[in-house]
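Subject: Structure for your files

Hello,

Please find the structure below. My notes on it follow, starting with the sheet and ending with the contacts between chains.

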Amino acid sequence: MNAPAPNSTAPKSMGAEKIEVVVSAIIPLNDLVTRFEFKRIDGCQFPTFSGGAHTVVEMQDGDLTRMNPYSLMSDPAETQTYAISVRRDDQGRGGSLFLHQKVQLGATMTLSFPVNLFSLDLRARKHLFIAGGIGITPFMAQIKQLDAVHGNWELHYSCRSPDLGTYVDELCAKHAHSVNIYYDDKNQSINLENLLDGQPIGTHIYVCGPKGMIDWVRRTATLAGWPDAHVHHEEFLAPQPGKPFAVRLAKSGLSLEVGENESLLEAMERLGVEPPYLCRGGACGQCETDVLESDGTFIHRDHWLEDDEKSSGIKIMPCVSRFDGKVLVLDR
Amino acid sequence: MSVFKFPESIVSRPVYGILEPRPGRSHLMIADCEGAEAILDLAVQASDLMANTHIIFIPNGTLFGPKLQELNPAQYYEGPSFAAALSRIQRVLSDAVMGLQIYLAGTEGMMGQAQNEAMQAGFDYTAIQTEHRGSVARRMQCVHCKGITENVIIDPFECSHCGLNLFVRDHYSRRIAAFQGVCIDAEDPGNVPTSVELYS
C-alpha cells in the first residue's frame, strides 16, 4: 500500500515532513530503557521506512521545543504503529528525561517522516551487525526487514549486564542461531579480530554504539583490509551542553546568545531563523553553515565536515558544534 | 610507453589510478598485456605482499610472464584470454573472504570485466584498485543489437553483429563492462564520417 500523502495541515518544517501522533503505549523494558509507541492522529497509515531510519521527535517541554532523533525500531513494513526505544540519560540535556518522566499515554506529539542515514547495503551477501547498548535499536528494524526477505545476517550485541540487555530475550527467542550476546559484567567481549577473519566476500559490517566501539570496529576492519564501503556506522550524537556564546546572524540581522543547554541550531530556531536540517546529530550535513567572521575557538563535534574544513574556521554544523570566543558571525 | 593519460570526460567514464599496496589478508592481482608492468612496479614498493598474492595474467603475446613469476607469488596462473581465465577468477572470488585486496591492471576491457566479476561476488567496485596500461582499445556494446565488439580502436566503427555504423561514446556500463556505441547515421543513412583511431 502507498504511503499517505503528506498531511497538508501538518506544521511546516525545514526538516522532513511532519506527522502528528498520539502516544499509544509506554513500555518500560529495564531500569534505563523504555519503548514508546505512536499512532497517527489523522487515522492515515504511517509511511513504510527502511531499517536504520530515524525520526525526529518534537517535544514541547514548557517554552522549550526539543527535537531529538531516535532510531525507529518497529517493523519497517508496519504502517499502523511507529516505535522508538529511549535510554534515559541522566547527564544529557533532558530530551530522554522528558520522554521518560513527562510524556504520558495519550499525549500528542510530532514526529518527522523517517530519514535513513544508516541504511542496509542490499548488495551485501551477508550483513554483520555489531551493537553496543542502546545501539541495538536500528538493528531491530533492519533484522525485521531482512527476515522478510530471508536475508543473511548475524548480530553481535554487547550489553552491560543481563538486567540491561534491551531486547536480548526477544532476539534470542526468535533468532537463537544468529544472535550472539556479550555481557560486560561477565567479562565477555567480542573477539573482533577473530570475528572479522574469514567472513565471506560481500560481507558488510554495521556498527552502532558508543564512540569507542565504533572507532574500534572501523580501525580493526581497516587494518584487516576491509574497504570503507563495507563498514557502516551510526553514532548517537546529541548536542552537548557548553559555555554560552554570542552569535550574529548576518542575513537575518539578528544577534543572539546560545544558552548552556541549547544548541546553536535550536537557538536560531528559537528566534525564528530556520536552517534546513534532517538528523540534528552532526551526520547528515543539511544544516552546514558558512562562517563570515570569527575570533575564537570552534568546538566542532560533527561527523560531516572534513578535518581541513574544521580547521579552516569557515564552516560550522550548528546542530552539535559550539564556539568559544569573542566574535562569531554566520551567513544565516 | 604503456602509460596513457585519458582526457577529462563525462562522469560515466571510468577513471583509473595507480596501484598502491594496501593491508589485506590476501591479494588478487589480475593483469593483461602491459598491465604486468603495473604489478612489477607495485612489487618494488611492497615485495612482502607476494607471499599472500595470487596473480592471474593474460599475456596476449607480451613477454612479461617470466618476470611476474620471478616475483614468487603464492599462486601464479597464465591464461590465453580473459574467457579462459574467467572460470578461475570466479572460483577465486567465490572462495574469497573479506580482507582480500583486488588489483586490476592493463586494458579497459579486461579491467571492466574483472571488476564486474568482483562486483557480482559482492565486492564494492569503489574498493577495487585499477591502473590502465597499454592499449586504449575499448570493449563496446552496440546499443541497438546489444552485441559486444572487443578491441575497438577506431571511431566510428562497424558493429560486428548487426553492421550498423557506431559512434564510440564515453558512456560506460559497469553492469556489462562496456562502452556504448550509438548509430551515427540513423537520420541520414550512409553519411558516415571517416573513421579515425581513438585519441589520435
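Two strands count as paired here if DSSP finds at least two bridges between them. This is a predicted model, so please read everything below in that light.

The sheet in chain B

On that basis, chain B has an open sheet of 5 strands in the order β3-β2-β1-β4-β5, with parallel pairing. The edges are taken by β3 (75-78) and β5 (129-132) of chain B; each has a single partner strand, so one side of each is left without a neighbour in the sheet. From one strand to the next the twist averages 10°.

For the β5(B) edge, the partner is β4(B), residues 100-106; the two strands run parallel and are joined by 4 bridges. Within this pairing, Y103(B) has Q129(B) of β5(B) as its bridge partner.

Helices

Two helices of chain B lie across strands of the sheet. Helix α1(B), residues 35-45, lies across β1 (26-32), β2 (53-58), β4 and β5 of chain B, and runs at about 145° to β1(B). Helix α3(B), residues 82-95, lies across β1, β2 and β3 of chain B, at about 165° to β2(B).

Helix α4(B) covers residues 108-120. Is its length what one should expect from 13 residues at 1.5 Å a residue, or what else is found? The expected span is 18 Å, and the end C-alpha atoms of α4(B) are 18 Å apart, which agrees. The buried residues of α4(B) begin with the run E108(B), G109(B), M110(B), M111(B), G112(B), Q113(B), A114(B) and Q115(B), and also include A118(B). Just after α4(B), G122(B) takes a positive phi of about 100°.

Domains of chain B

The domain assignment splits chain B into domain 1 (26-132) and domain 2 (138-197). Their C-alpha centres lie 28 Å apart. Where the two touch, 8 residues of domain 1 of chain B are in contact with 7 residues of domain 2 of chain B. The domain 1 side of that contact divides into 2 nonpolar, 5 polar and 1 charged residues.

Contact with chain A

Between the chains, 17 residues of chain B are in contact with 17 residues of chain A. On the chain B side, these are 9 nonpolar, 5 polar and 3 charged residues.

Regards

Notes. Residues are numbered from 1 along each chain as its sequence is written. Chains are lettered from A and ligands numbered from 1 in the order in which they are written. This is a predicted model: local features need pLDDT of at least 70, side-chain atom pairs count only at pLDDT 80 or more; totals for chains, interfaces and linings use all residues. Axes are lines fitted to C-alpha atoms, for helices over the stretch in contact, and angles run from 0 to 180 degrees between N-to-C directions. Ala, Val, Leu, Ile, Met, Phe, Trp, Tyr, Cys and Pro count as nonpolar, Asp, Glu, Lys and Arg as charged, and the others, Gly among them, as polar. Domain bounds come from an automatic or database domain assignment. The expected span of a helix is 1.5 Å times one less than its number of residues. A residue is buried if 20 or more other C-beta atoms lie within 10 Å of its own, exposed if 12 or fewer, and partly exposed in between; C-beta atoms are placed from the backbone.
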